[in-house]
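Open the model in your viewer and keep the selection tool at hand. Each stop below tells you what to pick and what you will find there.

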Amino acid sequence: MSSSSSLPSTTTIVPLANVETNTKTNNNKQYLCLFYVITAGLLDENMGSDEQEIIEMIHLIIDVDEKKTVALFRQYVRPIYTDVINDEYKEKSGIDEELVVLSELDLDGALRKFDSFLHEHYLHPDLGIKLTFICENCLHLRQCLHPESVKKSIISLPSYYWSYFDLRLEFEHMYKTCEHNNLNSMLEKLNISPISENDYCMRHIKHMELIVYQMLNDGHHFEKLECIMSNLKQGICTLEDNIEESTVIRARGLPWQCTDQDVAKFFRGLDIEKGGVALCLSSQGRRNGEALVRFSTVEHRELALRRHKHHIGQRYIEVYKASGRDFLNVAGGSNSEAHTFLQRDGQVIIRLRGLPFDANSKDVIEFFTRGDQPNNIVDGEQGVLFVHYPDGRSTGDAFVMFKTENEASQALLKHKETMGTRYIELFRSTTAEVQQVFRRSQDPKNFQTSLKDIPFAPLPMLPPEMLTGGNKKDCIRVRNLPIECGIEQILEFLGVHSQHIVAHGVHMVYNSHGQPSGEAFIQMNSEGASFNAATHKNNRYMFYNGKKRYIEVLQCSGEDMNHILLGLVPSNLIPTNIQPQTIYSSHRTTSVLPVSTLQPQMYPSTIPISLTTPSQSSTISNMPHSSIQSSTSSTSLVSVPTMNGFHPNTTYYPMQIFYYPTPPMSQSIYLQTGQMPTTPMTLVLRGDTGQY
């Protein structure tokens, strides 16, 4: 073998057989290109995990039909940093450091040179040739070439670098074995003597050549093609999805402006599931520099963990194991409005932040279409997705879709342009972020932060005679229940202990927005019964909807229960910086309940009720039932009194408490005249003095 005299010494091309130059003849032929690289760092199984640069590449091309080697192309690659090759590495690899340093080609140049070689010898896939790569394992392409091409901003790798045959997998498939995971063990299995060669890279490529020839002679057909993901695909994740636990990682330390595509580029070479990048948001709704990534296989997740402390620009990224539940907590969602939006025919999602609270779809359309280069949103006004709090108020966020990358790039140029008097922030978004923003906006824990300036009306939460009392610990407090859980599931969870529950003794706790809080109080018929229930059921698992979660069961007294239900002590349902009383919202209602229809047992003996018109100033308070009944002859409407410091146009929402058995009506239904339930329930007084 001799090098071509017209080529520099850092490039070696050895023609081993004449290549047929008639492209019509070559069209039906299959060629295998054996590919091997070495880096300036770790070798063998750890190749690529230290982020070192490629310094040598070898391509050996085999004609499958003729079973002969066509050509050998060897290229040294000049790295950016030339001082990383240590003596120990040079001794193990046998590489000539001088050839590496003197090489005129960087990685991009070396790739272009090989591409030209294929064209010159009529072996390029663009000419209709079936050329497929074979690698000893996935590291050479997935962990070395593809990640480095991203770091060095190589615009695009040729198509033949995006698929390959994994020699180890093909060997296992051919010989029905999984014990041979390196070239030496494969040679031993085939009874082939290893070649004595000091050059590390050349020795390995020759061993691969011997193994491939033996497999071809034994009748093997290379068909199990491994494809490398080129672009991240969008996908929708629901809370009910079953995600394999060992396919998720958490990346930490990402630049704040990092997008899902940037994260996918960091993991270039590894296959990520559709919608598998979920950028995490802070409590303020901003990206916090973390992301959860879901890979297609366990093997790819293990390769991703090897990229711990690799770099995006000047920042190193930490990579840790995460669980499927972690991913669902960020990317999963069940909001039907968001789900409908994500199914629209668009490629790029853009998030708008800082919108005026009264902005509508027409305002958003006008924002993107004004100027010299209008940008059309997918589905027009129907394609604008606004985010709201549970009470219907706007959060100032919205999402839109664009059909192409070019349209989205043009739209992002409007970042910080104004709508009215407010400047609007624009960000490229993801399906996971849409789900996350919607879920957070509906979460009472996040909604409470907006209640810090809202006063609380001093209305009793429940009629006192409906609750137990005293220091006798005959109650249990059940926490961490699934939000969809009902009384039937609680009774099933308690098992034999449920027979000791007193009549109407199950109190399901709802938060101030009528949503389940995941908590319940249960009255038992004795202290011993509550003690046994707490002892045997605390921190036990409840199985519900195919999932399990541990439930806290704590023994408490009736007085403890009253304090929490009546809002007399802080709980996780009420902000600690606010006096814990009834929360109210500024929604109005036109439907109120005539007092004449109420039975005396439906409200407490002392409750502040105003029976005056707006012109009157007196308020009837602490009145007995009989007095209230007689006072309604001229005024039949119940309304909340006007109190100092409270807005007159208010509707009060006490915490909802349901009993066992639950009344057969929704917690949010308005009571209609003549349709009173026979079982105890909470009286909700709605209205204001300014209405009547």
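Contact here means heavy atoms within 4.5 Å. Keep that cut-off in mind for the first stop. Note also that this is a predicted model.

**Stop 1: a helix and its cover**

Select helix α11, residues 324–331. Which of its residues are buried? They are G324, F327, L328, V330 and A331. Now look down the axis of α11: the buried residues fall within an arc of 165°, so they line one face of the helix.

Next, colour what covers those buried residues. The cover of α11 includes the strands β8 (248–252), β9 (272–281), β10 (287–295) and β12 (315–322). Helix α15 (431–442) is also included in that cover.

**Stop 2: the sheet**

Show the strands together. What is the order of the five strands in this open sheet? Reading across, it runs β9-β10-β8-β12-β11, with antiparallel pairing. Go to the edges, where β9 and β11 (310–312) stand. Each has a single partner strand, so one side of each is left without a neighbour in the sheet. Neighbouring strands of this sheet are turned by 35° against each other on average, direction ignored.

Bring α11 back into view. This helix packs on the sheet and touches β8, β9, β10 and β12. The direction of α11 makes about 70° with that of β9.

**Stop 3: strand β10 and its partners**

Select β10. Eight of its nine residues are buried, so the strand is mostly covered, taking buried as under 20% relative accessible area. On one side, β10 pairs with β9 in the antiparallel sense over five bridges. The pairing of β8 and β10 is antiparallel too, and has five bridges.

Pick out some of the facing residues:

- L281 has R287 of β10 as its bridge partner.
- L279 stands opposite A291 in β10.
- V248 stands opposite R294 in β10.

Then move to the hairpin of β9 and β10. Five residues lie between its strands. G285 in this hairpin takes a positive phi near 85°.

**Stop 4: E433 on helix α15**

Select E433, which is found in helix α15. Is E433 buried or exposed? At 1% relative accessibility, E433 counts as buried. Show its contacts, leaving aside neighbours within four places in sequence: L281, R287, R351, F399 and R428. You have already met L281 and R287 as bridge partners. Now draw a C-alpha to C-alpha line from E433 to R351. The two are 82 residues apart in sequence and 9.1 Å apart in space.

**Stop 5: L412 on helix α14**

Stay with R351 and add L412. The residue L412 has its place in helix α14 (residues 405–412). L412 counts as partly exposed, at 27% relative accessibility. From L412 to R351 the C-alpha distance is 9.8 Å, with their places 61 residues apart in sequence. Beyond its neighbours within four places in sequence, L412 is in contact with I350, L426, F427 and R428. R428 is also among the contacts of E433.

**Stop 6: the second largest pocket**

Switch on a surface. The second largest pocket holds about 930 Å³ of space. Its lining has 31 residues. Which of them are closest to the centre? Select E51, P147, K151, K152 and H311.

Now colour the elements around the pocket. α5 (139–151), α9 (260–266) and β11 each supply at least two residues of the lining. α5 gives the most, with seven residues. You saw β11 earlier at an edge of the sheet.

**Stop 7: two loops with a positive phi**

Select D44, in the loop between β2 (30–39) and β3 (54–63). D44 is not a glycine, yet has a positive phi of about 60°. Its relative accessible area is 33%, so D44 is partly exposed.

Go on to K67, in the loop between β3 and β4 (68–76). K67 also has a positive phi, about 55°, although it is not a glycine. K67 counts as partly exposed at 37% relative accessibility.

**Stop 8: a buried loop residue**

Finish at H497, in the loop between α17 (487–494) and β21 (501–510). H497 is buried, with a relative accessible area of 11%. What is H497 in contact with, leaving aside its neighbours within four places in sequence? Show M524, N532, A533, H536 and K537.

Definitions and conventions. Residues are numbered from 1 along each chain as its sequence is written. This is a predicted model: local features need pLDDT of at least 70, side-chain atom pairs count only at pLDDT 80 or more; totals for chains, interfaces and linings use all residues. Side-chain values use heavy atoms; hydrogens and water are left out. Helices (H or I, at least four residues) and strands (E, at least two) are DSSP runs, numbered from the N terminus. Buried means under 20% relative accessible area, exposed over 50%, partly exposed in between (1.4 Å probe, protein chains only). The arc is that of the directions from the helix axis to the C-beta atoms. Two strands pair if DSSP finds at least two bridges between them. Axes are lines fitted to C-alpha atoms, for helices over the stretch in contact, and angles run from 0 to 180 degrees between N-to-C directions. On a 1 Å grid over the protein atoms alone, a cavity is a set of points where a 1.4 Å probe fits but cannot get out, and a pocket is an open set with protein on both sides within 12 Å along at least five of seven lines; lining residues have an atom within 4 Å of a point. Grid points are joined across faces, edges and corners, and a volume is the space filled by probe spheres set on the points.
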